Every structure is written in structure tokens, then in C-alpha cells.
Amino acid sequence: MFNIVSVIFKYIFIFIIYVFILSIIRLIYLDIKGIYPIAVNNSAYLKLINRKDTLPFKVREYYPLGDKVTLGRSNNNQIVIKDPYISKQHLRVIKDEDKYYLEDTNSANGTFLNGERVMDAVCLKNGDRISVGQVDFLFVNKE
């Protein structure tokens, strides 16, 4: 009788170990799947500076920039960030003659470029730090 109980507990223990290992593999897969690759061609993008795990909402590591990109809380924007401190349409980045310009769209909490509040359209340079709400981005231009 004792042998049968010990064999049953042994197989239950082995089963629990396999379930644990499979759950770890699943978490690793979901973590890798959540990484968005950035195109390495000659393009500009916004890179998240904050640690993703400290933010209470979803945000990607990289956001490629096109000719006209808007950022805000509303789903009508190309970059949607559900931060409560970001306006529905917070800012826009416009490409004109191979230069990128940052413009605040009368947001409630403002847009900050390198610590200074943006009041008018400002030309972006490689390495500029853009702060909106609780999120900080680094402007990267590979051109």
C-alpha cells in the first residue's frame, strides 16, 4: 500500500515540475513575442527611455516616424499611449525637407523637449529627449 502511494506522489510531483517548466517556457515565448523589431534602414524613430515595467499601461520600445505622426490617448493617433496625463491628441511630429519638427497640439500638461516646454514647432535633432506625461522618448534619426 505504501509503495503505491509513493509511486502516485512521485508521478504527481513529476507532473507538477513539467507544468512549471512549460509555464516558464510560455512566459519566455510571450516576452519574446512582445518585442517589436525596429527597421534598421535609414529612418527616424522614437525610442522609449522609461523602463516598460514601471509604467501602468502598455507602451512599445520603438515607434517609427513617418511624414506626419500624431501621439495621444485617442485611437485616432498613429502612436497611442493610454497615459492619463497625455491628451487625446497631444503632439505631432512632421517631416519637412528631411527634417523632423515637433509640435505640441495645445495639450493640457504640455510637451517637453530636453526639459524645456514646447510652445511652437521645434526642429528635432538626433538624441533629443521628448517628455509627454509619464513617458520619455529619445528621438533617433539615422539619416
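This report walks through the two sheets and the salt bridges of a predicted model.

## The five-stranded sheet

Let's start with the open sheet whose 5 strands follow the order E4-E3-E5-E6-E9, with mixed pairing. Strand E4 (79-80) and strand E9 (122-123) sit at the edges, and each has a single partner strand, so one side of each is left without a neighbour in the sheet. As a general reminder, strands of a sheet pair through backbone hydrogen bonds, in either a parallel or an antiparallel sense.

Moving inward, strand E3 (residues 68-72) runs antiparallel to strand E5 (residues 91-96), and 4 bridges join the two. If you would like a residue pair to look up here, take Lys68, whose bridge partner in E5 is Ile94. E5 is also joined to E6 by 6 bridges, again with the strands antiparallel. Within that pairing, Lys95 has Tyr100 in E6 as its bridge partner.

E5 and E6 form a hairpin with 2 residues between them. Look for Glu97 in the turn, where phi is positive at about 55°. On the way to the edge, strand E6 (residues 99-104) pairs with E9 in the antiparallel sense over 2 bridges. Tyr101 is a handy marker for this contact, with Cys123 in E9 as its bridge partner.

## The six-stranded sheet

The other open sheet has 6 strands in the order E2-E1-E11-E10-E7-E8, and its pairing is antiparallel. Its edge strands are strand E2 (62-64) and strand E8 (116-117), each of which pairs on one side only.

Strand E11 (residues 135-141) deserves a closer look: 6 of its 7 residues are buried, so the strand is largely enclosed by the rest of the structure. Strand E1 (residues 44-48) runs antiparallel to E11 and is joined to it by 5 bridges. There, Leu48 stands opposite Phe137 in E11. E11 also pairs with E10, in the antiparallel sense and over 4 bridges, and in this pairing Ser131 stands opposite Asp136 in E11.

The hairpin of E10 and E11 has 2 residues between the strands, and Gly133 takes a positive phi near 60° in it. Strand E10 (residues 129-132) pairs with strand E7 (residues 111-113) as well, antiparallel and over 3 bridges. To find that contact in the viewer, go to Thr111, whose bridge partner in E10 is Val132.

## The salt bridges

How many salt bridges does a search of the whole structure find? The count is 2.

One of them joins Glu103 and Arg92, with the closest N and O atoms 3.1 Å apart. This pair links distant parts of the chain, with Glu103 in strand E6 and Arg92 in strand E5, 11 residues apart. Glu103 is partly exposed, at a relative accessible area of 26%. Arg92 is partly exposed too, with a relative accessible area of 21%.

In the other salt bridge, the side chains of Arg129 and Asp136 meet at 3.1 Å, N to O. Arg129 counts as partly exposed, at 36% relative accessibility. Is Asp136 buried or exposed? Asp136 has a relative accessible area of 17%, and buried means under 20%, so Asp136 is buried. You have already met this residue in the sheet, where Asp136 in E11 stands opposite Ser131.

Notes. Residues are numbered from 1 along each chain as its sequence is written. This is a predicted model: local features need pLDDT of at least 70, side-chain atom pairs count only at pLDDT 80 or more; totals for chains, interfaces and linings use all residues. Side-chain values use heavy atoms; hydrogens and water are left out. Two strands pair if DSSP finds at least two bridges between them. Buried means under 20% relative accessible area, exposed over 50%, partly exposed in between (1.4 Å probe, protein chains only). A salt bridge is a side-chain nitrogen of Lys or Arg within 4 Å of a carboxyl oxygen of Asp or Glu.
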